[in-house]
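User: I have a protein model open and would like to learn how to read it. Can we go through it step by step?

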Amino acid sequence: MKYWMLISNPAKWNIHQFLLDLKNNKTQQEDTWVIHDNQINQIKPGQYGIIRIGTDQRTAAQRNGLERLEKGIYAIVKIISYPIPNIPENQNKQYLFIQGENILKRSYLVRIQYVQNFIDHPITLQEASEDSVLNQEHNLINGIQRSIVEIKEETFNRILELKHLQSFEEDDRLLTESEQPLLTSTEKETMIKARLGHSKLRLSILEERDRCELCNVSNEKLLIISHIKPWRVGNAEERLDKENILLLCPNHDKLFDAGLITFDNDGKIIISEKLSKENRKALNVNEDMGIEMNDKREEYLKFHRERVFGLSQK
Ligand SMILES: [Zn+2]
């Protein structure tokens, strides 16, 4: 999967006002972004991007009472169309300061949807340059004269991590893997319902269980809804079935998701031989651990043992 950085110059495109309006529900979540001709076969719906805002050179008049923006990462967007011709009907000029700019001259644009708005708490480039993952993304730190450029998956994941967007990653990312390249409005609706279903599911699980099923981590912010039969391969019913869910802390979720641990029909843990003694100790897993079992769980775990744990053993 490709990830993108959408580069915004606040003196040309009034991204500042746009993000404020977005926050206050005064504008639509959807917008467009011009791309470069050599990217038309690479940019596809379902991919994600970040909005980078560079040096704010707006005049006081352009700022219209607003403070200058610090350089930084201000939003996460999702690409929602294949490249389409950059013709007036497809452009959103509402927030444009300068007419006749390059962005109007390029041949293609894509439709994007803002899925996270960080206008109140951006990740500043100062912070990014001090982060050992983000500072490896040179175009992020130093800037580049492009409207959109590819970034590394690690960069994108690190941004999610810094913003505590684990659950966003879980439901939104996996939706992408399974969705068709072009979505009809009915399919879109199904996706939105699935996402809402996921947050409801989390809430109702948290009402019943209050800690990691393998250890005592109980801080709600850390607890993860971990699907036994993975989300991306489950059908709608399996995705929302509570018996298909383990509530786990980050370590145990990751181990389970990576197929480094699974459980037998009695609920007793099976630990992969790929996990060394040191790692077992560091990650707090041992042979005495287990989960409560029932028939439904047994069925889902059979899948996990064969397809998730099994594959990781090879
Ligand atoms: Zn745990």
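Analyst: What follows is a set of short questions and answers on this predicted model.

User: How many helices and strands are in the protein chain?
Analyst: The chain has 314 residues, and 29% of them are buried. Its secondary structure consists of twelve helices and twelve strands.

User: What is the average pLDDT of the protein chain?
Analyst: This is a predicted model, so each residue carries a confidence score from 0 to 100. In this chain, 87% of the residues score at least 70. The chain average is a pLDDT of 86.

User: Over which residues does pLDDT stay under 50?
Analyst: One stretch stays under that value. The model has 19 contacts for it beyond four places in sequence. The stretch is residues 169-183.

User: What share of the contacts with a separation of 6 or more comes from residues 24 or more positions apart?
Analyst: Take the contacts in the protein chain with a separation of 6 or more. Then pick out those between residues 24 or more positions apart. They account for 74%.

User: Which strand gives the most residues to the largest nonpolar core?
Analyst: Nonpolar side chains tend to be buried together in soluble globular proteins. Here the largest nonpolar core has 37 residues, and Met5, Leu6, Trp33, Ile50, Ile51 and Val77 touch the most other members. Six residues of this core come from one strand, the top contributor: β4.

User: Is β4 largely enclosed or not, and why?
Analyst: Count the buried residues in the strand. Seven of the eight residues of β4 are buried. The rest of the structure therefore leaves β4 largely enclosed.

User: Which strands listed here pair with β4?
Analyst: β3 and β4 run antiparallel and share six bridges, with Ile53 partnered to Gly72. Two antiparallel bridges link β4 to β7 (123-124), where Gly72 stands opposite Thr124. Five more antiparallel bridges tie β4 to β6, and Ile79 has Ile112 as its bridge partner there. The partners are β3, β7 and β6.

User: Which residue in β6 is the bridge partner of Trp33?
Analyst: Strand β2 (residues 30-35) runs antiparallel to β6, and six bridges join them. Trp33 also touches Leu6, Leu109, Val110, Ile112, Ser147 and Ile148, leaving aside residues up to four places away in sequence. Its bridge partner in β6 is Val110.

User: Which residue in β6 stands opposite Pro85?
Analyst: Start with strand β5 (residues 84-85). It runs antiparallel to β6 and is joined to it by two bridges. Opposite Pro85 stands Tyr108.

User: Why are the buried residues of α1 on the same side of the helix, and what arc do they cover?
Analyst: In helix α1 (residues 15-23), the buried residues are Ile15, His16, Phe18 and Leu19. They sit on the same side because the arc they cover around the axis is only 165°.

User: What covers the buried residues of α1?
Analyst: Look at the strands that contact the buried residues of this helix. The cover includes β1 (3-8), β3 (48-53), β4 (72-79) and β6 (108-117).

User: Which residue after α1 has a positive phi?
Analyst: Check the backbone where the helix ends. The phi there is near 55°. The residue that follows α1 with this angle is Asn25.

User: Which residues of helix α10 are buried, and why do they line one face?
Analyst: Helix α10 covers residues 250-257. Down its axis, the buried residues fall within an arc of 165°, so they line one face. What covers them includes β9 (224-227), β10 (245-248) and β11 (261-263). The buried residues are His252, Asp253, Leu255 and Phe256.

User: Which residue just after α10 takes a positive phi?
Analyst: Again, look just past the end of the helix. The phi is about 70°. The residue is Gly259.

User: Is Ser132 buried or exposed?
Analyst: Ser132 lies in the loop between α4 (125-129) and α5 (138-142). A residue with 12 or fewer C-beta neighbours within 10 Å counts as exposed. Ser132 has 7, so it is exposed.

User: What distance separates the C-alpha atoms of Ser132 and Arg158?
Analyst: These two residues are 26 residues apart along the chain. In the model, their C-alpha atoms are separated by 9.8 Å.

Key: Residues numbered from 1 in each chain as written. Predicted model: local features only at pLDDT ≥ 70, side-chain atom pairs only at ≥ 80, totals over all residues. Buried ≥ 20, exposed ≤ 12 C-beta atoms within 10 Å, placed from the backbone. Helix = DSSP H or I, 4+ residues; strand = E, 2+ residues; numbered from the N terminus. Arc of directions from axis to C-beta. Contact = placed C-beta atoms within 7 Å. Core = buried A, V, L, I, M, F, W, Y, C linked by C-beta atoms within 7 Å. Pairing = 2+ DSSP bridges.
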